[in-house]
Amino acid sequence: MSTPGPYILPFNEGKLASLLSIPVSGFPEVGKADVHINLLATTVNGILKVNNVTYHNPPTPVLLQMLSGAQHPSDLLPGGSVYELPSNKVVEIALPNTASYPPSWSASLHRTSGNSTTNFVNPIWRDTVSMGSTGGNVTIRFVTDNSGPWFIH
C-alpha cells in the first residue's frame with residue numbers, strides 16, 4: 001500500500017544519465033580536446049557581451065548570407081560572432097556562468113553536463129542547458145565531422 005503524498009524528491013541533475021552509454025568525444029579529461037573556446041559573458045550598462053563582443057543583428061541573417069554566396073566564415077556579419085572550426089577535431093566550448101548569461105542557453109546537438117560533476121562516461125544529450133548558479137560552468141564537446149554551419153544561440 002502506498003503512502004499518500006505530497007512527495008518531495010529534489011531534482012538532481014548530476015544523477016541524469018543517457019539511456020545509451022555513449023562516451024564524450026575525445027580523451028575523457030577536462031581540457032583534452034583539440035580546440036578550446038571559452039565564451040565569457042559580461043554585461044556592461046545592460047548590454048550583453050560575449051568575449052568582449054556585442055552582438056548586433058546583421059542586415060541579413062547569417063544563414064541567408066551563407067546561402068547567397070559568402071564563401072568563408074570571416075565574410076559573415078556580425079564580425080566577432082562567427083568562429084571557423086577545423087574539420088575532424090574535438091571541440092570543447094566552456095561557458096562559465098558569470099551571471100550575465102540568460103537563464104537558459106540553447107546548445108543544440110551537443111552533449112552537455114550542466115552541473116559541477118564532469119561526466120565523460122555517459123553524458124546526457126540536451127538541446128538547452130541551465131547555466132546553473134553564478135560561478136558554475138557548462139562545457140560542451142563535439143566533433144566537427146559534419147561540415148557546414150553550426151549555430152549556438
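Here are some friendly notes on the predicted model above, point by point.

1. Overall layout. Please keep in mind throughout that this is a predicted model. The protein contains 1 helix and 8 strands. Read from the N terminus, the elements follow the order β-β-β-β-α-β-β-β-β, so the helix comes after four strands and is followed by four others.

2. Burial and contacts overall. The protein has 153 residues, and 28% of them count as buried. About 10200 Å² is exposed, with carbon and sulfur atoms supplying 58% of that area. Among contacts with a separation of 6 or more, 72% are between residues 24 or more positions apart.

3. The three-stranded sheet. One open sheet has 3 strands in the order β2-β3-β4, and the pairing is antiparallel. Its edges are β2 (41–44) and β4, and because each of these has a single partner strand, one side of each is left without a neighbour in the sheet. If you are viewing this region, it may help to recall that side chains in a regular strand alternate between the two faces of the sheet.

4. How those strands are joined. The antiparallel strands β2 and β3 are connected by 4 bridges, and T43 sits opposite L48 of β3. For β3 and β4, also antiparallel, the pairing runs over 2 bridges. Here V50 has V53 in β4 as its bridge partner.

5. The two hairpins. The hairpin of β2 and β3 has 2 residues between the strands, and N45 there takes a positive phi near 50°. The hairpin of β3 and β4 likewise has 2 residues between its strands, and N51 in that turn has a positive phi of about 50°. As background, most residues other than glycine have a negative phi. These asparagines are therefore worth a look when you go through the backbone angles.

6. A closer look at N51 and N52. Both belong to the β3–β4 loop: N51 lies between β3 (47–50) and β4 (53–54), and N52 is placed in that loop too. The phi of N52 is near 70°, again positive in a residue other than glycine. What is the relative accessible area of N51, and how is the residue classed? N51 has a relative accessible area of 31%, so the residue is partly exposed. N52, by contrast, is exposed, because its relative accessible area is 64% and the cut-off is over 50%.

7. The salt bridge. How many salt bridges does a search of the whole structure find? The search gives 1, formed by the side chains of E92 and R141 with an N to O distance of 2.7 Å. This pair links distant parts of the chain, with E92 in strand β5 (residues 90–96) and R141 in strand β8, 49 residues apart. In general, side chains of opposite charge can pair when their charged atoms come close.

8. Burial of that pair. Are E92 and R141 buried or exposed? E92 has a relative accessible area of 10% and is buried. R141 is at 3% relative accessibility, so this residue counts as buried as well.

9. T144, just past β8. T144 is found in the segment after β8 (137–143). Its relative accessible area is 11%, which means that T144 is buried, as the cut-off is under 20%. A polar atom of the T144 side chain lies 2.6 Å from the backbone oxygen of P86. Setting aside neighbours within four places in sequence, the contacts of T144 are L85, P86, S87, N88, K89, V91 and W150. P86 thus appears both in the contact list and as the residue whose backbone oxygen faces that 2.6 Å distance.

10. A nonpolar surface patch. Which residues form a nonpolar patch on the surface? They are L63, L64, L67 and F151, and together they have about 410 Å² of accessible area. L67 belongs to helix α1 (residues 62–67). At 66% relative accessibility, L67 counts as exposed, because the cut-off for that class is over 50%.

11. Places to revisit in the viewer. I would go back to the E92 and R141 salt bridge, the positive phi of N52, and the patch that includes L67 and F151.

Definitions and conventions:
Residues are numbered from 1 along each chain as its sequence is written. This is a predicted model: local features need pLDDT of at least 70, side-chain atom pairs count only at pLDDT 80 or more; totals for chains, interfaces and linings use all residues. Side-chain values use heavy atoms; hydrogens and water are left out. Buried means under 20% relative accessible area, exposed over 50%, partly exposed in between (1.4 Å probe, protein chains only). A polar contact is a pair of N or O atoms within 3.5 Å; within protein, one must be able to donate a hydrogen and the other to accept it, and residues adjacent in sequence count only if both atoms are side-chain atoms. Contact means heavy atoms within 4.5 Å. Accessible areas come from the Shrake-Rupley method with a 1.4 Å probe; for residues, only the protein chains shown count as cover. Patches are made of residues with over 30% relative accessible area and no salt bridge: like charges are joined within 9 Å, nonpolar side chains (Val, Leu, Ile, Met, Phe, Trp, Tyr) within 5 Å. A salt bridge is a side-chain nitrogen of Lys or Arg within 4 Å of a carboxyl oxygen of Asp or Glu. Two strands pair if DSSP finds at least two bridges between them.
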